[in-house]
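Visitor: I'm new to this, and I'd like to know what the labels really mean. Could you show me the structure and let me ask?

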Amino acid sequence: MNLSQLYYFRKLSELQHYTKAAKELYITQPALSDAIRSLEKELGVPLFQREGRNVKLTRYGKEFSAYVHDALRELDKGIAIMHEYTGKLAGELAVGALYTITGDYLPALIRAYHDNFGEAVKFRVSQGFSLDLIEGLKDDKYDVIFAAKKEGESSLCFEPVVAHQLVVAVSKQSPLAFRRVLQLEDLKGMQVYTYRTGTPIGDEVDKLVTRYGLQVHQDYDDEITMGGMISTAPPNYCALLTNTIGLKPFNNLAAIAIDENEVPREFHSVYMVYKKEEFKNRALESFIDFTGGFVCPKGVLPDTDNQDSGPASPPSDIIGL
């Protein structure tokens, strides 16, 4: 058993896909397969089992994984500390983020960070919903995440970095489509889609619609789903959602601002979240400090003043961006 095998095992246990794991490890898939087979032979137990084109941990693999992750995390900390003695800024940061910022804010942030500190620090970016991202951070899957705020997480630090505007999305055939500003009263009598409760954004919107007595369908998790439904729905349908890149693919939609006397323009905040007491290597500390002072360039984030929708790049993992 050697250190490389343990790193290979950790990566495969995270991605559960040989091709993807081999790509991120910069080795061939046969080399990865040979390393895992050798490790299983030495341990005398199967660590993975096939599940279609993917793999998943066996019960032995799950137990072994906990020890491997703990051991490698401690080793990585030691390496980071040794690098700090030489003043080197390097390593890889695992970042979890809402898809709503992986197409605009986050790439701009990482590019600006590299412009300031060089390319030595690599970023591995994964997407998820806020509650899952927070659990992943607590389980050491991520070094830092960008998510909505969850109350009661006293061990985590939440720093606001982006605020999204709540808008009304309608098809361009709707009689409301020509309006630049709406009051929530204008939505009465319409079929309104919005976020499901039990999520941070869903609970925020729920308080608002309850206050104004709106009848809504609270069944959705994201802007892409609602945007797709409204773009093909009759004119008396609309969605109450945040103005993010999720609306960009839909050329038949108009995103209309809501009167700021009813809803503040900065309605829903996205936070940079990290552990308060956890060890932070120099790369993570520098990224947290840089993000706290970063101002996203004008024109990067969506705005209802520019409703033209063009094709959007699909959100994807970012390696070394």
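Guide: Sure, and let's begin with charge: Lys and Arg count as positive here, Asp and Glu as negative, while His and the chain ends are not counted. Keep in mind that this is a predicted model.

Visitor: How many positive and negative side chains does the chain have, and how far apart do the centres of the two sets lie?

Guide: By that count there are 35 positive and 44 negative side chains, with the two centres 4 Å apart.

Visitor: How do you know what helix 1 should span?

Guide: Helix 1 covers residues 3–15, which is 13 residues. You take 1.5 Å times one less than the number of residues, so 18 Å is expected; the end C-alpha atoms sit 19 Å apart, and that agrees.

Visitor: What makes Asn2 a cap for helix 1?

Guide: One of its side-chain oxygens lies 3.1 Å from the backbone nitrogen of Ser4, at the N-terminal end of the helix. A polar contact needs N or O atoms within 3.5 Å, so the 3.1 Å pair fits that distance limit.

Visitor: And what comes just after helix 1?

Guide: That's Gln16, with a positive phi of about 55°.

Visitor: Which residues in helix 1 are called buried, and why?

Guide: Buried means under 20% relative accessible area, so that label goes to residues including Leu6, Phe9 and Leu12 in helix 1. Across the chain, buried residues make up 46% of the 321 residues.

Visitor: How many helices and strands are in the chain?

Guide: You'll find nine helices and 14 strands.

Conventions:
Residues are numbered from 1 along each chain as its sequence is written. This is a predicted model: local features need pLDDT of at least 70, side-chain atom pairs count only at pLDDT 80 or more; totals for chains, interfaces and linings use all residues. Side-chain values use heavy atoms; hydrogens and water are left out. Helices (H or I, at least four residues) and strands (E, at least two) are DSSP runs, numbered from the N terminus. Buried means under 20% relative accessible area, exposed over 50%, partly exposed in between (1.4 Å probe, protein chains only). A polar contact is a pair of N or O atoms within 3.5 Å; within protein, one must be able to donate a hydrogen and the other to accept it, and residues adjacent in sequence count only if both atoms are side-chain atoms. The place of a charge is taken as NZ of Lys, CZ of Arg, CG of Asp or CD of Glu.
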